[in-house]
Amino acid sequence: MATGASSRPPRPAVLPEPARKRYHHGDLRGALVRAAEELLEEVGPDRLTLREAARRAGVSHAAPAHHFRDLTGLLSEVAASGFEGLAGAIASSAAAAHAAGEDELSATGRAYFAFALAHPGLFQLMFRSQVIDMSAPRLDAASSAAFAAFADAARASGEVGDEAGGDPLARMATLVRNWAMVHGLAFLAIDGRLAGMLPDGATLAALTEAILAPAPAKTPAGV
């Protein structure tokens, strides 16, 4: 009988698990929001869970209860951050267009579209009323600010003004028509519905520009 090395086969080395991303939990609320934002882009709003957000943030599944009553509360906070980002993008693009003497409404349309394509999961969540609470104070304020920024650009471009004859409903109809156009375009792009419709050699960027380009100025009658 051998008395030297053991006859047992050596145990395979245990590979360390990939380090889980950890957040500084002096701001657990913010950590959970950032974790949820990441998950939105990975799995979409339908598959995101409160438990998975907690796991991604590196805390126990019970930890979110310190800040959010349920998943709706967390998603509403995430949506509020999204609307704040969208409002900022719209305002910045309008200011840049104004400084350059360009059409502000077209610029904000491009910013709106670019935001949607850069954050598709977040953008879809922002308009999913069945999974967020639109009456939450921060979300209500942020969504209103985004719409107001878009409306300001429309007024500055002349799209919503005296041509509506002073009728508030007519002005609102003009504004919503412009919003619906860029909003629908964004969702068609996110859903992949536009790629197969493009003419040979055309790009989504070219199609977007053709749609969002400012309308040519009308030539006065008799000129």
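## Ser 143 in helix 6

Ser 143 lies in helix 6 of what is a predicted model. With a relative accessibility of 16%, Ser 143 falls below the 20% limit and therefore counts as buried. Its side chain reaches the backbone oxygen of Asp 140 at a distance of 3.1 Å, and, once residues up to four places away in sequence are set aside, Ser 143 touches Phe 83 and Met 134.

## Overall architecture and confidence

The chain has 8 helices and 0 strands, so that, read from the N terminus on, its elements run α-α-α-α-α-α-α-α. Of its 223 residues, 35% count as buried, while the accessible surface comes to about 13,400 Å², with 58% of that area belonging to carbon and sulfur atoms. Among contacts between residues at least 6 apart in sequence, 66% join residues at least 24 apart.

The average pLDDT of the chain is 83, and 82% of the residues score at least 70. Two stretches have to be read with caution: pLDDT stays under 50 over residues 1–7, for which the model has 0 contacts beyond four places in sequence, and pLDDT also stays under 50 over residues 9–24, for which the model has 12 such contacts. Where pLDDT is low, the predicted coordinates should not be read in detail.

## The largest nonpolar core

The largest nonpolar core has 49 residues, and those with the most contacts inside it are Leu 74, Val 78 and Leu 86. At least two residues of this core are supplied by each of helix 1 (28–43), helix 2 (50–57), helix 3 (71–100), helix 4 (104–118), helix 5 (120–126), helix 6 (137–157) and helix 7 (168–190). Helix 3 gives the most to the core, with 9 residues.

For Leu 86, one of the residues with the most contacts inside this core, the partners can be named: leaving aside neighbours within four places in sequence, Leu 86 is in contact with Tyr 112, Phe 115, Met 126 and Ala 146.

## Aromatic pairs

The count of aromatic pairs comes to 6. Phe 147 and Trp 179 form an edge-to-face pair, with 5.2 Å from centre to centre and 65 degrees between the planes. Because Phe 147 lies in helix 6 and Trp 179 in helix 7, this pair ties together parts that are 32 residues apart in sequence. Neither ring-bearing residue counts as buried: Phe 147 is partly exposed at 27% relative accessibility, and Trp 179 is likewise partly exposed, with a relative accessible area of 27%.

Ring pairs also link Phe 83, Tyr 112, Phe 123, Phe 127, Phe 150 and Phe 187 into a cluster. Two members of this cluster appear elsewhere in this report, since Phe 83 is touched by Ser 143 and Tyr 112 is in contact with Leu 86.

## Ala 154 and a buried site in helix 6

Ala 154 also has its place in helix 6, and at 0% relative accessibility Ala 154 counts as buried. The C-alpha atoms of Ala 154 and Leu 105 are separated by 5.2 Å, although these residues are 49 residues apart along the chain. Leu 105 is also one of the contacts of Ala 154 when neighbours within four places in sequence are left aside, the others being Glu 159, Val 160 and Leu 175.

## Arg 56 and Glu 42

Arg 56 is found in helix 2, and with a relative accessible area of 15%, which lies under the 20% limit, Arg 56 is buried. The side chain of Arg 56 makes a polar contact with the side chain of Glu 42, at 2.8 Å.

## Ile 211 in helix 8

Ile 211 has its place in helix 8, which covers residues 204–212. At 33% relative accessibility, Ile 211 counts as partly exposed. Not counting residues up to four places away in sequence, Ile 211 touches Met 181 and Leu 185. A further spatial relation involves Arg 110, which is 101 residues from Ile 211 in sequence and 9.9 Å from Ile 211 in space, C-alpha to C-alpha.

Definitions and conventions: Residues are numbered from 1 along each chain as its sequence is written. This is a predicted model: local features need pLDDT of at least 70, side-chain atom pairs count only at pLDDT 80 or more; totals for chains, interfaces and linings use all residues. Side-chain values use heavy atoms; hydrogens and water are left out. A nonpolar core is a set of buried Ala, Val, Leu, Ile, Met, Phe, Trp, Tyr and Cys residues joined through side-chain atoms within 4.5 Å. Buried means under 20% relative accessible area, exposed over 50%, partly exposed in between (1.4 Å probe, protein chains only). Helices (H or I, at least four residues) and strands (E, at least two) are DSSP runs, numbered from the N terminus. Contact means heavy atoms within 4.5 Å. Rings of Phe, Tyr and Trp (its six-membered ring) pair if their centres lie within 6.5 Å; planes under 30 degrees apart count as stacked, over 60 as edge-to-face and the rest as tilted. A polar contact is a pair of N or O atoms within 3.5 Å; within protein, one must be able to donate a hydrogen and the other to accept it, and residues adjacent in sequence count only if both atoms are side-chain atoms. pLDDT is the predictor's confidence in each residue, from 0 to 100. Accessible areas come from the Shrake-Rupley method with a 1.4 Å probe; for residues, only the protein chains shown count as cover.
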